[in-house]
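Let's take a relaxed walk through this one, sheet by sheet and then bond by bond. Have the coordinates open as you read.

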Amino acid sequence: MGRDGLGTAGLGSSGMGPAGLPPRSTAMLWVWLLLGSSWGPGPPGVGAVPRPTATYVLDDGGGLGRQFDGIGAVSGGGATSRLLVNYQEPYRSQILDYLFKPNFGASLHILKVEIGGDGQSTDGTEPSHMHYENDENYFRGYEWWLMKEAKKRNPQIKLIGLPWTFPAWIGKGENWPYDYPHVTAYYIISWILGAKQYHDLDIDYIGIWNERAFNSKYIKLLRYTLDKHGLQQVRIIASDRLWEPISFVLLLDSELHDVVDVIGAHYPGTKTVPNALLTQKKLWSSEDYSTFNDEVGAGCWARILNQNYVNGNMTSTIAWNLVASYYEDLPFGRCGLMTAQEPWSGHYKVEAPIWITAHTTQFTQPGWSYLQVDGHLEGGGSFVALTDGLGNLTIIIETMTHNHSQCIRPPLPHFNVSPQRATFYLRGSFYLVKTLQVWYSRLDFESANSILFKQLHPLDVWRGSFSIDLDVDEVYTLTTLKTGQKCSCPEPPPPQPFPSNYKDDFNIRNPPFSEAPNFADQTGVFEYFINGSDPGDHVFTLRQVVVQRPITWVSDADQTISIIGNFRWVNLTVTCDIYIEKQDDGGVFIAGRVDNGGIYVRRTKGVFFWVYADGTYRVTGDLAGEEVLMKGLSGVRASAWHTLTLNIQGASASGLLNGYPLWENVTISKPSNGWAAIGTRSFEFAQFDNFHVEAS
């Protein structure tokens, strides 16, 4: 049939030639020979050159391959879902449906979340459930909410927790979480128990330390502590880095081998290593993709979803990240399966990777098994076949070309893919299959007219075989299941820039989340705070609460900072009430034209207006405070409210204190644009109120 949905998708082939075909098929064969047309779901190929043909056998008679563990995505690592929570209904629920609702969109099997540790973990910080040793709060951040929303839509979804950073008290002054393994294990177990006690969430898997060193003693202690607390069902993944040295160590240490359930590698390039196979453990690509979510990103995702198993025996692939719900100009902008970065407008975009995901997730489930097949197509590309053991069969085929499927990492060796015909012979319990449902995608890299997850007419299987013509950059799902669905939700609102006149007085007694909307913390954590000691206008404030440098994952700044707004802003006025809590050497700032964040936060430039508890002020061109543009006396003291105003127009900046000019005519050469921001001189308590930014 043609891709317009007319006709029959594919013709059965018994492999017996014309004499072995029923009369209708014999007649159609001669038509095909006369016209030179192709069989299969491809377009009519009048005058087409015959394609090279290869045959593939799908048989469960000799046993099955590895058990399939599911396809998932990461929220966190870090703050990648930050803006999602601020969407208004119905748009927020629509986004969540596209991600988690079965037979709807991505229909994910696994959700992996960051266990917030107060440190920078790629695109922001996520708050810890224990900022301090005597502090526990299981309502901070948004990962609890996200896990509940996922479970609400799919009660069978698997949940994984993994730390990137840890609060400082874990290391007792050292930037290392393993010196006191009992403390670290207690901290992680508290998170798991809190998930159950406060949110009725059962965590299925727990990781060690994202992309950093593992410690065998700690892993064994973690298993012991899990069991001691009745958490035998929680499985351990190690080490969320590379295949080695964890695989080698597991082969040497039988006790460690007994407590690690899954070897998780990041960005494995679809390959594994001999030692990992020798462990006989489950092998996962526990973080992968991380690629801009256009058609090339979709091609990357399609290729690795198949080839991680075909080449590397990996039975789960987990994308970083779930949804690009952070400011796009932070590092790795739009590297999510879909994009939702405008809560102020309600706009979001269901990107191509969502529908590439659906090709696998809507027609398989964790617990299914792969068939024992090679999986490489002779003309390039790959296929996998899975069964539930109850007669159902799903085949996913991808023919992604090299230049249209490059992931962000690792480098992709060159390969060729060409149009081809594939003939499949169904044997064993699949011989009786008569019809397969067909879902089809073609990624278009020239006219942006990609076909995404389109249902075609069913494909007839004749005497246990069928043929299908494959072009390049296509994905097919052929399945006995009839449950697939492509949602036809209403279009979201059109995109709009961040409001040019934005205010927040933080006056909310019972906020739904611990962080104020649209503020994206880049070092430190800024939380809603009830200031019981203030009888006046500043009862409800925003407070920076991290007072010791966390055990870091990257190079956090020495100052705390939270950004907000439109990266394209040039001329703007920022006003905010500030309250320094740290005596003597405390300090706070407001800023504009802030040009960096995420893993690059230490190199952030902008226009920073600082006031300090010793009564001085500074204007600097960087967050580190090394490029001093102006300095002097302000009269500001700790434990008192003051109002700061920063005005940036063209190449000039000026500042007001409590409504009166403090400095002016400071020349600004760069950066030329950026976000607004607030922050502190060090890891210290400080409060902010009545934030207002007006940009032109």
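Which residue stands opposite Thr560 in β33? That would be Thr680. Keep in mind throughout that this is a predicted model.

**The seven-stranded sheet**

The two threonines sit where strand β24 (residues 560-564) meets strand β33 (residues 675-680), an antiparallel pair joined by five bridges. Zoom out and that pair belongs to an open sheet of seven strands, ordered β21-β24-β33-β26-β27-β28-β29, with antiparallel pairing. At the edges you'll find β21 (520-523) and β29 (628-633), each of which pairs on one side only. Going from one strand to the next, the twist averages 20°.

**The six-stranded sheet and its helices**

There's another open sheet to look at, this one made of six strands in the order β12-β13-β14-β19-β16-β17, and its pairing is antiparallel. Its edge strands are β12 (369-370) and β17 (451-460), and each has a pairing partner on one side only. Inside the sheet, β14 (residues 393-398) and β19 (residues 474-479) run antiparallel and share five bridges. A handy landmark here is Ile396, which stands opposite Thr477 in β19.

Two helices pack on this sheet. Helix α9 (residues 295-310) touches β12, β13 (382-387), β14 and β19, and its direction makes about 70° with that of β13. Helix α10 (residues 352-361) touches β14, β16 (435-442), β17 and β19, with its direction at about 25° to that of β17. Both helices therefore have β14 and β19 among the strands they touch, contact here being heavy atoms within 4.5 Å.

**A disulfide that starts in α9**

How many disulfides does the structure hold? Just one. It joins Cys300 to Cys407, with the sulfurs 2.0 Å apart. Cys300 is in helix α9, while Cys407 is in the loop between β14 and β15 (420-427), so the bond links distant parts of the chain, 107 residues apart. The torsion about the S-S bond is about 100°, so this disulfide is right-handed.

Is Cys300 buried or exposed? It's buried, at a relative accessible area of 0%. Cys407 is buried too, at 13%. Elsewhere, Cys576 is buried with a relative accessible area of 0%, whereas Cys489 counts as partly exposed at 23%.

**Salt bridges**

Side chains of opposite charge can pair when their charged atoms come close. In this model there are 24 salt bridges. Here are some of them:

| Pair | N to O distance |
|---|---|
| Arg51 and Asp469 | 3.8 Å |
| Arg92 and Glu89 | 3.5 Å |
| Asp585 and Lys582 | 3.8 Å |

Salt bridges that share partners join Arg51, Arg421, Asp469 and Asp471 into one network. Within it, the side chains of Arg51 and Asp469 meet in a salt bridge. That pair links distant parts of the chain: Arg51 is in the loop between α1 (23-35) and β1 (53-59), and Asp469 is in strand β18 (residues 465-470), 418 residues apart.

How do the partners sit relative to the surface? Arg51 counts as partly exposed because its relative accessibility is 22%, while Asp469 counts as buried at 2%. The Arg92 and Glu89 bridge also mixes the two classes: Arg92 is buried at 17% relative accessibility, and Glu89 is partly exposed at 44%. For the remaining table row, Asp585 at 40% counts as partly exposed, and so does Lys582 at 31%.

**The annotated domain and Arg334**

An unreviewed UniProt entry lists residues 68-362 as "domain: Glycosyl hydrolase family 59 catalytic". In the model, the end C-alpha atoms of that span lie 14 Å apart, and the span is 33% helix and 18% strand.

One more residue to click on is Arg334, found in the loop between β9 (316-320) and β10 (339-342). Is Arg334 buried or exposed? With a relative accessible area of 17%, it falls under the 20% cut-off, so it counts as buried. Leaving aside neighbours within four places in sequence, its contacts include Asp294, Tyr326, Glu328, Gln341 and Glu351. Thr291, Phe292 and Asn293 are also among the residues that Arg334 contacts.

Notes. Residues numbered from 1 in each chain as written. Predicted model: local features only at pLDDT ≥ 70, side-chain atom pairs only at ≥ 80, totals over all residues. Heavy atoms only, no water. Salt bridge = Lys/Arg side-chain N within 4 Å of Asp/Glu carboxyl O. Helix = DSSP H or I, 4+ residues; strand = E, 2+ residues; numbered from the N terminus. Buried < 20%, exposed > 50% of the residue type's maximum accessible area, 1.4 Å probe, protein only. Pairing = 2+ DSSP bridges. Axes fitted to C-alpha atoms, helices over the stretch in contact; angles between N-to-C directions. UniProt positions renumbered as here; feature names shortened; annotations may be inferred. Disulfide = S-S within 2.5 Å.
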